[in-house]
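Good morning, everyone, and thank you for letting me talk you through a structure today. Please take a moment to look at the chain before I begin.

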Amino acid sequence: KKLARVGPSILNSDLSNLAGECERIMNSGADYLHLDVMDGHFVPNLTFGHPIIKCLRHKVKEAFFDMHMMVANPEAWVEPVADAGGDQYIFHLEATSDPKTLCRKIREAGMKAGIGIKPKTPIEAVVPHVPHADVILIMTVEPGFGGQKFMADMMPKVEFLRKTFPELDIEVDGGVGLDSVQTCAQAGANMIVSGTAVTGSSEPQVVIAELRRTAQE
Ligand code: DX5
Ligand code: ZN
């Protein structure tokens with residue numbers, strides 16, 4: 001069974017102190033950081049882009065930056081995000097007509113390539129492209145905002161991927177917390193994104209440890 005890793009999302013943290021929040025989360029035992037880039041076109045919200053990541057990279061040196069690109073033109077940001085220090089670049093299948101080429105471009109830029117699908121996108125749509133990617137992200141909320149309710153009906157997508165691709169990294173993202181992480185892990189997810197459940201807690205280190213313990217059992 002693939003080792004479970006916990007990658008908190010800092011979307012709902014104090015963005016006025018992003019570097020400090022990232023340090024706090026990493027010092028709380030996170031395995032990686034999930035950074036939500038939103039452009040106000042692919043999703044109805046706007047966050048931050050590569051200029052912020054570039055500065056963050058200098059402050060949070062060792063952390064693995066899992067870049068969740070909720071953007072309309074993911075091809076445009078590959079080079080800037082790679083130069084800024086992104087480690088993994090997850091674009092949305094719904095935002096490109098050529099996922100295979102985009103995955104190659106991401107890898108050529110030195111990052112791991114990931115493909116994400118929204119709740120309404122069937123798992124069949126992404127299966128042909130899995131061989132070109134390092135990770136598949138299954139959204140368990142409609143992308144755009146933190147703090148939404150976990151969608152358990154997304155689990156068959158995770159189960160299908162785990163059964164079909166035993167070695168694949170499968171990431172779940174959206175509404176994941178202590179009451180839903182076991183469902184995700186049992187379905188086969190091994191990369192656990194959790195935002196509000198971690199950054200909204202007064203003891204993030206306890207939540208992160210519990211998420212990992214539950215996901216590993
Ligand atoms: C939503 C983002 C998620 C979100 C997770 O569009 O992609 O990463 O921030 O936060 P929670 O766990 O609060 O749903
Ligand atoms: Zn995300």
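What percentage of the 217 residues of the chain count as buried? The share is 53%, where buried means under 20% relative accessible area with a 1.4 Å probe and protein chains only. I should say early that this is a predicted model, in which local features need pLDDT of at least 70, side-chain atom pairs count only at pLDDT 80 or more, and totals for chains, interfaces and linings use all residues. Residues are numbered from 1 along each chain as its sequence is written, and side-chain values use heavy atoms, with hydrogens and water left out.

Turning to overall form, the radius of gyration, taken over C-alpha atoms, is 16 Å, which agrees with the value near 17 Å for a compact globule of 217 residues, the rule being 2.2 Å times the number of residues to the power 0.38. Along the principal axes, the C-alpha atoms fill a box of roughly 40 × 40 × 30 Å.

As for secondary structure, the chain has eight helices and eight strands, which are DSSP runs of H or I with at least four residues for helices, and of E with at least two for strands, numbered from the N terminus.

Let me dwell on strand 5, residues 112-117, which is mostly covered, since five of its six residues are buried. Strand 4, residues 88-92, runs parallel to strand 5 and is joined to it by five bridges, where two strands pair if DSSP finds at least two bridges between them. Within this pairing, Phe 91 has Ile 115 of strand 5 as its bridge partner.

Terms used. Chains lettered and ligands numbered in written order. Buried < 20%, exposed > 50% of the residue type's maximum accessible area, 1.4 Å probe, protein only.
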